[in-house]
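Here is a short briefing on one protein model. It covers sheets, core, ring pairs and charged contacts.

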Amino acid sequence: MIQEENGAGEREAEGLKPWRWSLHLVTKLALSIVLMLFAPPLVNAQNDTEPIVLEGKCLVVCDSSPSSDGAVTSSLGISVRSGSAKVAFSAIRSTNHEPSDMSNRTNTIYFDQVLVNVGNHFDLASSGFLAPRKGIYSFSFHVVKVYNRQTIQVSLMQNDYPVISAFAGDQDVTREAASNGVLLHMERADKVHLRLERGNLMGGWQYSPFSGFLVFPL
């Protein structure tokens, strides 16, 4: 009698095993669905070298090797810099009076009036621009010679090295401009100014502008 009861109990336990396994699988599946619905999404980087850039009031750049361009950088390779930082300048020559400094050996072309100086990185006294950060910059100039039959050559200098030049030499006009423009890759603290390489500006260079701005940082 006891053996029959034991056999019945074993058969009953074996019949319940599939239900127990089914309940276990359903529970695991339910937990997986809950985790998928409520777990925070994973953010995948574009690649190992290209940073993820989020723009807003601040610019946050995640990079394995952030550049030292004045941004605040953490040990995790996250640099934060102001997203609203703008750099631009425009200066002109308002008179035809030649300053005595034009006779020095540098032949720097000086300007005496600032129209725009966003960020205050253009120095009127030296008539030079100092890059506040690494980036791509745009520069243009128009140096007007007045009542001067000599050919002039004006060069845009980056760290005292001539990058581009412009010429004006028509003898049949009273006013002519040596004009040019360029995009430059600049490091932080690089300097740009204009220099007279050839000829003279004895008649002055009134209304001559020199302008530049940051296109985008690097």
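Two strands pair if DSSP finds at least two bridges between them. With that in hand, Ile-152 stands opposite Ala-168 in S11. The model is predicted. Two open sheets of five strands come up below, one in the order S6-S5-S14-S9-S12 and one in the order S7-S8-S13-S10-S11.

**Sheet with S10**

- The strand order is S7-S8-S13-S10-S11, and the pairing is antiparallel.
- Strand S7 (122–123) and S11 are the edge strands, and each pairs on one side only.
- S10 and S11 run antiparallel and are joined by seven bridges.
- Two residues lie between the strands in the hairpin of S10 and S11, where Asn-159 takes a positive phi near 55°.
- S10 also runs antiparallel to S13, with six bridges between them.
- Gln-158 has Val-192 in S13 as its bridge partner.

**Burial of S10**

- Seven of the seven residues of S10 are buried, so the strand is largely enclosed by the rest of the structure.
- In a regular strand the side chains alternate between the two faces of the sheet.
- In S10, both faces are covered.
- One side carries Ile-152, Val-154, Leu-156 and Gln-158, all buried.
- The other side carries Gln-153, Ser-155 and Met-157, which are buried too.

**Sheet with S5 and S14**

- This open sheet has five strands in the order S6-S5-S14-S9-S12, with antiparallel pairing.
- S6 and S12 stand at the edges with a single partner strand each, so one side of each has no neighbour in the sheet.
- From one strand to the next, the twist averages 5°.
- Five bridges join the antiparallel strands S5 and S14.
- Ala-91 has Phe-210 in S14 as its bridge partner.

**Nonpolar core**

- The largest nonpolar core has 29 residues.
- Which members touch the most others? They are Ile-109, Phe-139, Phe-141, Val-154, Leu-156, Leu-194 and Phe-210.
- Strands S5 (88–92), S9 (135–146), S10 (152–158), S11 (161–168), S12 (175–186), S13 (191–198) and S14 (209–217) each give two or more residues to this core.
- Leu-156 has a long contact list even with its neighbours within four places in sequence left aside.
- Among the contacts of Leu-156 are Phe-139, Phe-141, Ile-164, Val-182, Leu-184, Leu-194 and Phe-210.
- The contacts of Leu-156 also include Tyr-161, Pro-162, Val-163, Val-192 and His-193.

**Aromatic pairs**

- The whole structure holds nine aromatic pairs.
- One of them joins Phe-89 and Phe-210 edge-to-face, at 5.2 Å centre to centre and 80° between the planes.
- Phe-89 lies in strand S5 and Phe-210 in strand S14, so this pair ties together parts that are 121 residues apart in sequence.
- Phe-89 is buried at 3% relative accessible area, and Phe-210 is buried at 0%.
- Ring pairs link Phe-89, Phe-111, Phe-122, Phe-129, Tyr-137, Phe-139 and Phe-210 into a cluster.
- Phe-210 thus recurs across topics: it belongs to this ring cluster, and it is the bridge partner of Ala-91.

**Salt bridges**

- How many salt bridges does a search of the whole structure find? It finds two.
- Asp-112 and Arg-93 form one of them, at 3.9 Å from N to O.
- Asp-112 and Arg-93 both sit in the loop between S5 and strand S6 (113–118), 19 residues apart, and the pair links distant parts of the chain.
- Is each partner buried or partly exposed? Asp-112 is partly exposed at 28% relative accessibility, whereas Arg-93 is buried at 6%.
- Arg-195 forms a salt bridge with Glu-197, and their closest N and O atoms are 3.0 Å apart.
- Arg-195 is partly exposed, with a relative accessible area of 22%.
- Glu-197 is partly exposed as well, at 31% relative accessibility.

Terms used: Residues numbered from 1 in each chain as written. Predicted model: local features only at pLDDT ≥ 70, side-chain atom pairs only at ≥ 80, totals over all residues. Heavy atoms only, no water. Core = buried A, V, L, I, M, F, W, Y, C linked by side-chain atoms within 4.5 Å. Buried < 20%, exposed > 50% of the residue type's maximum accessible area, 1.4 Å probe, protein only. Helix = DSSP H or I, 4+ residues; strand = E, 2+ residues; numbered from the N terminus. Contact = heavy atoms within 4.5 Å. Salt bridge = Lys/Arg side-chain N within 4 Å of Asp/Glu carboxyl O. Phe/Tyr/Trp six-rings, centres within 6.5 Å; stacked < 30°, edge-to-face > 60°. Axes fitted to C-alpha atoms, helices over the stretch in contact; angles between N-to-C directions.
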